[in-house]
Amino acid sequence: MKLALLVGAAVAPLVLAQAAMAAPVAEGAAVVAPAAGETVYGRVADRSGSGLPGAEIVVRETGRRVVSNASGEFSIGGLQPGRVTLDVRYLGLPNASQAVSVAAGASTTVDIVLGGGAASMDATEVADVVVVGAITDGQARALNQQKNADGVLNVLSADAIGRYPDPNVAESLQRVAGIAITRDQGEGRYINVRGAPSAFTAVSVDGVKIPAVDPGTRAVDLDTLPSDIVANVEIAKTLRPSQDADSIAGAVEIKTRSPFDRRQFSLNGYGGASYNDYGGRDTRGGLTVSNVFGPDQTFGAILSLSFSETNRKPENVENAWVEDGGVYVIEETLFKDYDTQRTRQAITGGLEWRPSDATRLWLRGSYADFEDDEYRNTLVINYADGSLQPGATNTRAPYTGARLYKQLRHRTQNNQITTVNLGGEHDFSNGAVWDASLTWAKSEQTYPHRDELVFRSGGQTVSYDATNHYAPTYSIFASGVHLNPAIFSFRENTYRANTTNQEEYAFKTNVELPVSLGGRDVELKFGAKYGSRDIDADEERFRDRTASSTPGSLASVLTTNESSNYDYNLGFKMNNELVNEYLQRISSVSRTNATRRMPDSLVADYQAREDILAGYGQARFDIGATNILLGLRVEQTTFEGSALKVDADTLATTPQTVERDYTDFFPNLTIRHNFSEDLIGRFALTRAISRPEYSDVVPRSEETTDGGRVEAEIGNPDLEPTLSNNIDAGLEYYFRPLGVVSFNAFYKDLSDYRYALTYDSTYNGLPATLTSTQNAPEGHIAGFEVNWQQKFVFLPGWLSGFGVFANYTSTDAEIKLGRTFEGRDSYALPGQSDTNYNAALFYEMAGFSARLSYTKRSDYLEEINADDAGLDMYVEGREQLDMTASYDFGNGVEIFGEAKNLTDSAGVRYYGVRERTYEYEKFGYNVFFGVRFKL
């Protein structure tokens, strides 16, 4: 049945198109008729032969308007034979006009070179000319695509990305208005668009939606994807009906390069190395080769390679706080001494065949591999093993019987993301366009081992003073008790491994049909998509405390290398190689004889399948200077999930399954109005969805019973998707020759927002404390963005090389629970910063370019504690100052340097108030030098 629906949805647009072409038109009737005429195929390029995306092409005689694609290509159908004039406008280069003779019964091809001084082109004003350099070229490409888009769109070009010291896609996106990032050990991982949770943003590569690698979220780990594989990144903050609806905050489309971007042999690359003052040397390099070949150069091939290796030794102290007797006290302190190596490898490639101007076929693929190999020496003060003594306050406390732990963990994390897109596109003679693609994507996250050796001391009398919450004092560093290895004895070996696989197949097809409706030119577009995703998450945990497994005394595995965090002397490090060899050697014995940790090894496991069948229709038409897009998308979701319910006391397991089926409608109205050639207004009414995390909706359950009271973590099969009705409005003014100032406001009305909640209830007839994900009946995200980009060409002489990039975003968000817990019935939205801004000053002239950039986001809520607002987890706002500089010798060779995190900003998390610091972590600055080349 579902296949029949899919085939029907895919074929219906073609049938409608053919019927419209063949249907007779009754005299005087207001009917839909196809636009008749011939087609002109063209390409807009600069003097180097690189295609110019976002160029606006207008037929002077009819006012028909089209925009060039990422390769600078365009097509205009429905033209009558004869002579027409194409007016081409592109920010940063002079406007041009090209006369074209449209032949009857045949397609016409035209190449337009901007800034090339061709006789057939007339620059409107010499003042429009910009001497394009590395920074301004990227700015021009981005602004032209943004200006001529239907909705609110931000674009990052490869040239712009390359002028920031950003090794992965997440860090590149932090430069965009309204986007903030969350970090892991100083590197960006997830993005928050306009204050929304990371899972509210879908990510695609070359039209292939990427499944998440983490089993607990739909958010994509963007630190897996290196930034140097990117041709450009488009962030659509208002969706069109033709786009998937699962992006409440905005959809991120990562596009890789095409061999037809330049249509000639091209070889470029870079390489270099860096120094990090918190440990080690980094190396990065990349290479891209492409060419077109064959008869009439109809075949194209491209291959890009990327590699980076980063060594980091961040310093980290964590304090876990609890409430005890009316005061907040630390129950555990961890001093973590990291030695990590992160490796990113990526390969992208494509084969394209264009047998004619009307037909394009492609096979594109990408593969990214991220590995984090980490050794972590940890000194732990576990106050909770002992007893809190009288005299405790919110900043200091004494304990007796506390234990100290010395631990070495070796953990390897590997993420892999693979995409394949096989598709084609054909332009019909009447101006209709049909495309179809079959895509496959797979994301895999594995922890082949998270092995740890643990030693523990006997009871100790300890205290702390956290008056200076960033640098508390701890009594053990005065007494030096932890420096004596003789007080420690073998405690345990722990082993943990898990694998998560997500795999998706999808088929989609679209038809564009230009018609005449009531005497008005209208572009109709229909499409259908079917996607099926399978998810499998499996985890295993073991613990070995048998005396026969001991490696000997702590002293026998120590080195003479001192371990320290900040000014805390942690003693000597364990020997990484010796302990790793021991853990690998004994693991087979441990896993046979030791205890499999239950129910932990089962409750994290689940399987799920999600099928989405979608169809849409939209109409685009102009009323004077107003462009209107009107449409409707429908998505039917079928979900199946299974997991084991585990009784932690008896270890009895019960299979649990869930099946769900729901349909949602997504109407869309998008308006773009030209107040003048350079002043544009936008307005959009849209609707979007965020489906539940798979791990939250599968019916998992872990229960324990203590004193007749049950504690249970349970899945929620009744969890509803979050829906958002969105309003966007904005104004954009584009400076000549190159610049923009814009203001965009947005409001998102949320229903059924998902949040984790711990609450008192009953379970199997017994009093219980339950933790599960629930739906909040209502909520909202509101805010505005201000953006300013400009090169100061109006300044005299060498001062004209200066320019600025700046943006500021303010958001307000709240969720209302519909019930009250501990006096609260509403919360701030996790992941939402009230303010987020970027400012960059750049200079570019005579081959030299430099940029000084600053970014900052304010504090934001990370986790909600329903029982105690004082234990809500927050992330402290963070700022960072970066600098890049380069010199282009003009022969294809360029040297460059980067300096990152010059402010040496820390990553901080805290409970409730900043004085209860949970984590204080510093990463240091990084200085990188390298060489780029182009052939």
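## Exercises on a predicted model

His449 has a relative accessibility of 13%, so it counts as buried. The model used throughout these exercises is predicted.

**Exercise 1. Place His449 in its surroundings: which strand holds it, and which residues does it touch?**

Solution.
- Step 1: Find the element. His449 lies in strand E24, residues 433-457.
- Step 2: Judge the burial. Buried means under 20% relative accessible area. His449 stands at 13%, so it is buried.
- Step 3: List the neighbours. Leaving out residues up to four places away in sequence, His449 touches His410, Arg411, Thr412, Arg496 and Gln584.
- Step 4: Look for a polar partner. The His449 side chain reaches the backbone oxygen of His410 at 3.4 Å.

**Exercise 2. Trace the pairing of strand E28: which strands does E28 pair with, and over how many bridges?**

Solution.
- Step 1: Start with E27. Strand E27 (residues 488-517) and strand E28 (residues 520-544) are antiparallel and share 25 bridges. Val511 has Phe526 in E28 as its bridge partner.
- Step 2: Inspect the connection. E27 and E28 form a hairpin, with 2 residues between them. Gly518 sits in the turn and has a positive phi of about 60°.
- Step 3: Move to E32. E28 pairs with strand E32 (residues 606-623) in the antiparallel sense, over 16 bridges. Here Asp536 has Gln607 in E32 as its bridge partner.
- Step 4: Add E31. Strand E31 (residues 595-596) runs antiparallel to E28, and 2 bridges join them. Arg543 stands opposite Thr595 in E31.

**Exercise 3. Work out the order of the open sheet of 4 strands: which strands are at its edges?**

Solution.
- Step 1: Read the order. The open sheet runs E4-E3-E6-E7, with antiparallel pairing.
- Step 2: Name the edges. Strand E4 (65-67) and strand E7 (96-102) each pair on one side only, and these are the edge strands.
- Step 3: Check the twist. Neighbouring strands of this sheet are turned by 25° against each other on average, direction ignored.
- Step 4: Take one pair. Strand E6 (residues 82-89) and E7 pair antiparallel over 7 bridges. Val84 has Val100 in E7 as its bridge partner.

**Exercise 4. Examine three loops for backbone geometry: where do Pro737, Gln297 and Asn901 lie?**

Solution.
- Step 1: Pro737 is in the loop between strand E38 (722-735) and strand E39 (739-751). A cis peptide bond joins Arg736 and Pro737, with omega about 5°.
- Step 2: Gln297 is in the loop between strand E17 (281-293) and strand E18 (299-312). Gln297 is not a glycine, yet has a positive phi of about 50°. At 45% relative accessibility, Gln297 is partly exposed.
- Step 3: Asn901 is in the loop between strand E50 (893-900) and strand E51 (906-911). Its phi is also positive, near 60°. Asn901 is buried, with a relative accessible area of 4%.

**Exercise 5. Describe the whole protein: what is its radius of gyration, and what would a compact globule have?**

Solution.
- Step 1: Count elements. The protein has 8 helices and 53 strands.
- Step 2: Compare radii. A compact globule of 935 residues would have a radius of gyration near 30 Å; the protein has 30 Å, so the two agree.
- Step 3: Add extents. The C-alpha trace spans about 95 × 65 × 50 Å along its principal axes.
- Step 4: Check burial and surface. Of the 935 residues, 57% count as buried. The protein exposes about 36,200 Å², and carbon and sulfur atoms supply 54% of that area.
- Step 5: Examine contact range. Among contacts between residues at least 6 apart in sequence, 71% join residues at least 24 apart.

Notes. Residues numbered from 1 in each chain as written. Predicted model: local features only at pLDDT ≥ 70, side-chain atom pairs only at ≥ 80, totals over all residues. Heavy atoms only, no water. Pairing = 2+ DSSP bridges. Axes fitted to C-alpha atoms, helices over the stretch in contact; angles between N-to-C directions. Buried < 20%, exposed > 50% of the residue type's maximum accessible area, 1.4 Å probe, protein only. Polar contact = N/O pair within 3.5 Å; in protein donor to acceptor, adjacent residues only side chain to side chain. Contact = heavy atoms within 4.5 Å. Rg over C-alpha atoms; globule rule 2.2 N^0.38 Å. Areas by Shrake-Rupley, 256 points an atom, 1.4 Å probe, with all protein chains shown as cover.
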